[in-house]
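Q: Please take a close look at one helix in this structure and at what surrounds it. A connected account is preferred to a list.

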Amino acid sequence: MSLLEMRNIKKSFDGTEVLKDISLTVEKGEVLGIIGPSGSGKSTLLRCATDLEKPDSGEIHYDGTFGLVFQNFNLFPHYSVMKNITDAPLRVQKRKKDEVYQEARELLAKMGLSDKEQAYPYQLSGGQQQRVSIARALAMNPDILFFDEPTSALDPELTGEILRVIKGLAMEHMTMVIVTHEMNFAKQVSDRIIFMDQGYIEVEGKPEDVFGSSNARIQEFLGKFREP
Amino acid sequence: MAISVMLGKLAEGMWVSVAIFAVTLVFSLPLGLLVSFGRMSKNIVIRTIVKVYISIMRGTPLMLQLIAINFGPYYGLGIPNTPGWKNMAVAIGFVLNYAAYFAEIYRGGIESMPQGQYEAAKILGYSRGQTFFRIILPQVIKRILPSVTNETITLVKDTSLAFTIGVMEMFTVAKALTASQTSLLPLVFAGVFYYVFNFIVAFVMERIEKKLNYYR
């Protein structure tokens with residue numbers, strides 16, 4: 001049973017077709033990497049999958065809950081790190097305080113942020129903020145975790161810490177869908193990769209097959225990353 | 001007239017001024033929030049009505065609005081004026097006027113909030129009410145505080161406009177005393193009163209701003 005199934009999704013903005021006819025499934029425990037040039041529709045696809053955008057047509061079927069890690073973190077600046085993580089489990093899921101706090105502390109430890117419980121987002125580096133936002137998403141115990149270019153807003157030296165965290169989650173068989181520009185990372189972490197171009201899924205398959213594909217568009221796209 | 005008697009009369013007026021100030025703030029701050037919702041409503045009828053209301057409140061003198069509310073029911077509808085009506089008229093006039101200004105301040109603050117805050121809240125499953133009151137409004141308050149302080153300081157001085165319909169607030173009393181005693185002293189006292197009042201307002205608002213400085 002797929003956790004997520006999207007069928008024939010179409011989406012236009014002001015007459016420009018961004019998603020032309022997208023169908024995909026996400027299976028339990030898999031890591032799906034979505035790559036492709038800017039404007040290919042990757043982010044829009046993710047926003048449709050997470051209900052932030054309404055597709056013009058097509059069907060989306062979920063079997064479970066999802067979380068989303070944003071490019072710009074979108075932490076709540078007026079809440080401490082701890083409150084950012086615990087507020088939704090307490091207020092939305094109405095779970096017990098002791099249990100929520102204990103889980104939040106475990107998540108912070110896992111993210112290497114145990115000493116930042118009482119800090120506010122503005123006091124953290126971008127990489128730390130992104131790790132908090134991953135912890136915040138995980139605290140809701142989602143079945144799928146979506147990442148929308150999680151390292152794009154970070155300095156190169158901070159990118160690694162986020163990628164390590166995501167790799168750690170992959171080892172625990174967290175189901176994840178990751179839109180990324182980090183090609184090597186996508187190759188390493190994904191069980192399956194989708195290459196998008198101009199609103200279509202151009203190539204889909206195992207990382208080695210996608211990266212080794214003779215498809216002209218993907219070769220052109222990957223070529224840009226190989227150039228120094 | 002002894003200065004102590006003069007001060008006694010001024011003190012009575014002072015409490016009326018403070019009451020106008022307090023009633024206006026207590027009612028116009030929440031009403032302004034409601035009005036700002038109307039101003040941002042997707043329903044064009046609601047939005048247009050609220051727009052016209054704000055436009056009239058901001059586009060005509062408060063003095064004129066007070067006169068209209070005070071005398072309107074009698075001259076317009078033939079309803080006899082009761083003795084207490086002018087106090088009510090002052091309260092209604094000030095609250096309606098200030099709600100319009102506060103509504104625009106709220107709107108500016110709400111519209112300046114990044115979309116990502118709403119999206120993060122939505123993904124986490126917050127209801128619309130939770131999103132607004134837990135995530136958006138606290139941040140909006142911090143952003144609009146300097147504008148609210150400005151408006152509040154203006155309000156302190158505007159309370160003197162109640163004299164147009166004969167409510168015995170500070171300024172009305174001071175002017176009457178100045179005329180009857182042929183002395184400028186009451187007006188000097190009035191000036192000191194408004195200044196001290198606003199000094200306190202500015203101090204309190206600054207404290208609140210500092211308190212909200214725990215985050216950026």
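**Helix α2 of chain A and its surroundings**

A: In this predicted model, the buried residues of α2(A) pack against α3 (97-110) and α4 (126-138) of chain A, together with α6 (128-158) of chain B. Helix α2 of chain A covers residues 81-91, and 8 of its 11 residues are buried, so the helix is largely enclosed by the rest of the structure. The buried residues are Val81(A), Met82(A), Asn84(A), Ile85(A), Thr86(A), Asp87(A), Ala88(A) and Pro89(A). Buried here stands for a relative accessible area under 20%. The list includes Asn84(A), Thr86(A) and Asp87(A) next to residues such as Val81(A) and Ile85(A).

The partners of the helix lead on to other parts of the model. Helix α4(A), one of the elements that the buried residues of α2(A) pack against, belongs to the surroundings of a sheet in chain A. That sheet is open and has 6 strands in the order β5-β6-β7-β3-β8-β9, with mixed pairing. At its edges stand β5 (66-69) and β9 (200-205) of chain A, each of which pairs on one side only. Neighbouring strands in the sheet are turned by 15° against each other on average, direction ignored. Helix α4(A) packs on this sheet and touches β5 and β6 of chain A, and its direction makes about 175° with that of β5(A). Within the sheet, β6 (residues 144-148) and β7 (residues 175-179) of chain A run parallel and are joined by 5 bridges. Ile144(A) has Thr175(A) of β7(A) opposite.

Between α3 and α4 of chain A there is a loop, and Tyr122(A) has its place there. With a relative accessible area of 31%, Tyr122(A) is partly exposed. Apart from neighbours within four places in sequence, Tyr122(A) is in contact with Tyr214(B), Tyr215(B) and Arg216(B). The C-alpha atom of Tyr122(A) lies 28 Å from that of Val177(A), which is 55 residues away along the chain.

Chain B, which supplies α6 to the packing around α2(A), has 8 helices and 0 strands. Its C-alpha atoms fill a box of roughly 70 × 45 × 25 Å along the principal axes. Of the 216 residues in chain B, 44% are buried. Among contacts in chain B with a separation of 6 or more, 74% are between residues 24 or more positions apart. The accessible surface of chain B is about 11,500 Å², and carbon and sulfur atoms account for 70% of that surface. Chain B carries 19 positive and 9 negative charges, whose mean positions are 6 Å apart.

Chain A also holds an open sheet of 3 strands, in the order β2-β1-β4, with antiparallel pairing. Its edges are β2 (16-27) and β4 (57-62) of chain A; each has a single partner strand, so one side of each is left without a neighbour in the sheet. The twist from one strand to the next averages 15°. Strand β1 (residues 2-13) of chain A pairs with β4(A) in the antiparallel sense over 5 bridges, and Lys10(A) has Ser57(A) in β4(A) as its bridge partner. Helix α1 (residues 42-49) of chain A lies across β1, β2 and β4 of chain A, at about 120° to β1(A).

Definitions and conventions: Residues numbered from 1 in each chain as written. Chains lettered and ligands numbered in written order. Predicted model: local features only at pLDDT ≥ 70, side-chain atom pairs only at ≥ 80, totals over all residues. Heavy atoms only, no water. Buried < 20%, exposed > 50% of the residue type's maximum accessible area, 1.4 Å probe, protein only. Helix = DSSP H or I, 4+ residues; strand = E, 2+ residues; numbered from the N terminus. Contact = heavy atoms within 4.5 Å. Areas by Shrake-Rupley, 256 points an atom, 1.4 Å probe, with all protein chains shown as cover. Lys, Arg positive; Asp, Glu negative; His and termini not counted. Charge placed at Lys NZ, Arg CZ, Asp CG, Glu CD. Pairing = 2+ DSSP bridges. Axes fitted to C-alpha atoms, helices over the stretch in contact; angles between N-to-C directions.
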